[in-house]
Amino acid sequence: AGLFAALNILLLGADIDTYRTSIKDLFGGLVKEISDKLPGQIPPEAQLALVRQTETTLPGIAAFSWIILMHGNLWLAGRVARTSGRLSRPWPDLARLELPQPLALTFIASIAASYAGGMPGLLASGFAAAHTIVYAIAGVAILHSLTRGLGVLRPVLLGLAYVLLVVVTKPVAVGLVTLALVEPILGLRARRIARLAAGRPN
């Protein structure tokens, strides 16, 4: 996903100035066209701010779309294979999803590199976004695991978590990423499994 984001950036420009010019040419006219059709036009400075924001968020959007598309296709293909009886292995327990521990190092490195500025920082931001999304997905998996055995309370808690993720995305996503990062240290899922095995769901 990080490579996909980087490729999208480089296709728009091999250097930061060319990239910014391409974004302005692609989205500046679109923003102005939309503004002209609105009852109250968007001020020119606000239009420029939207274009500038697109410059910085495009790597993350590209990484997000790629990961969601690939995960969705993989899940759908697995479901089709399972329904048709052609799935040659047991359906995986997605709540037990674990990420390689060295991935945390590349996550930290990509975040640090994203502050470099210019084209290197922009390319690194795509990798940082890809890591963030993957760790957020792992955090959701951990939530599913930790809420097992809670009966009717489980769908309520999970539903609330998903609603909050949509409504206040950034803080909830940060919480999910943090949960996924500390899980290997705290062993929360292992403790939960042990409690369930001992007949103590709460």
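**Entry 1: His 131**

I began with His 131, which is buried, at a relative accessible area of 13%. The cut-off for buried is under 20%, so His 131 falls on the buried side. I noted that the model is a predicted one.

Where does His 131 sit? I found His 131 in helix α5. I then looked up what His 131 touches, leaving out residues up to four places away in sequence. The list reads Leu 103, Thr 106, Phe 107 and Ser 110. Helix α4 covers 103-113 and helix α5 covers 118-146. So the contacts of buried His 131 are with residues of α4.

**Entry 2: the whole chain**

Next I stepped back to the chain. How many helices and strands does the chain have? I counted eight helices and zero strands. Read from the N terminus, the order is α-α-α-α-α-α-α-α.

I checked the overall dimensions. The C-alpha trace spans about 65 × 40 × 35 Å along its principal axes. The radius of gyration is 21 Å, whereas a compact globule of 202 residues would have one near 17 Å.

I looked up burial too. Of the 202 residues, 28% count as buried. Then I turned to contacts with a separation of 6 or more. Residues 24 or more positions apart account for 69% of them.

**Entry 3: the largest pocket**

I moved on to open space in the model. About 1,600 Å³ lies in the largest pocket. I wrote down that 47 residues line this pocket. Which of them lie nearest its centre? They are Ile 68, Ile 133, Val 134, Ala 136 and Ile 137.

I sorted the lining of the largest pocket by class. There are 31 nonpolar, 12 polar and four charged residues. I also noted which helices supply at least two residues each to this lining. They are α3 (44-83), α4 (103-113), α5 (118-146), α6 (153-167) and α7 (169-186).

**Entry 4: the second largest pocket**

The second largest pocket holds about 310 Å³ of space. I found 17 residues in its lining, and Glu 98, Leu 99, Ala 180, Glu 183 and Pro 184 are the closest to its centre. Two or more lining residues come from each of α5, α7 and α8 (188-197).

Which helix gives the largest share? Helix α7 does, with four residues of the lining. By class, I listed 12 nonpolar, one polar and four charged residues for the second largest pocket.

**Entry 5: the salt bridge**

Glu 183 had come up among the residues closest to the centre of the second largest pocket, and I followed it further. How many salt bridges does the count give? The count comes to one. Its partners are the side chains of Glu 183 and Arg 189, at 3.7 Å from N to O. The cut-off is within 4 Å, so this pair qualifies.

Are Glu 183 and Arg 189 buried or exposed? Both of them are buried.

**Entry 6: Gly 149**

Last, I looked up a loop residue. Gly 149 lies in the loop between α5 and α6. Its relative accessibility is 44%, and Gly 149 counts as partly exposed. That label fits because 44% lies between the 20% and 50% cut-offs.

I then checked Gly 149 against Arg 192. In sequence the two are 43 residues apart. In space, Gly 149 and Arg 192 are 9.3 Å apart, C-alpha to C-alpha.

How values were computed
Residues are numbered from 1 along each chain as its sequence is written. This is a predicted model: local features need pLDDT of at least 70, side-chain atom pairs count only at pLDDT 80 or more; totals for chains, interfaces and linings use all residues. Side-chain values use heavy atoms; hydrogens and water are left out. Buried means under 20% relative accessible area, exposed over 50%, partly exposed in between (1.4 Å probe, protein chains only). On a 1 Å grid over the protein atoms alone, a cavity is a set of points where a 1.4 Å probe fits but cannot get out, and a pocket is an open set with protein on both sides within 12 Å along at least five of seven lines; lining residues have an atom within 4 Å of a point. Grid points are joined across faces, edges and corners, and a volume is the space filled by probe spheres set on the points. Ala, Val, Leu, Ile, Met, Phe, Trp, Tyr, Cys and Pro count as nonpolar, Asp, Glu, Lys and Arg as charged, and the others, Gly among them, as polar. The radius of gyration is taken over C-alpha atoms; the globule rule is 2.2 Å times the number of residues to the power 0.38. Contact means heavy atoms within 4.5 Å.
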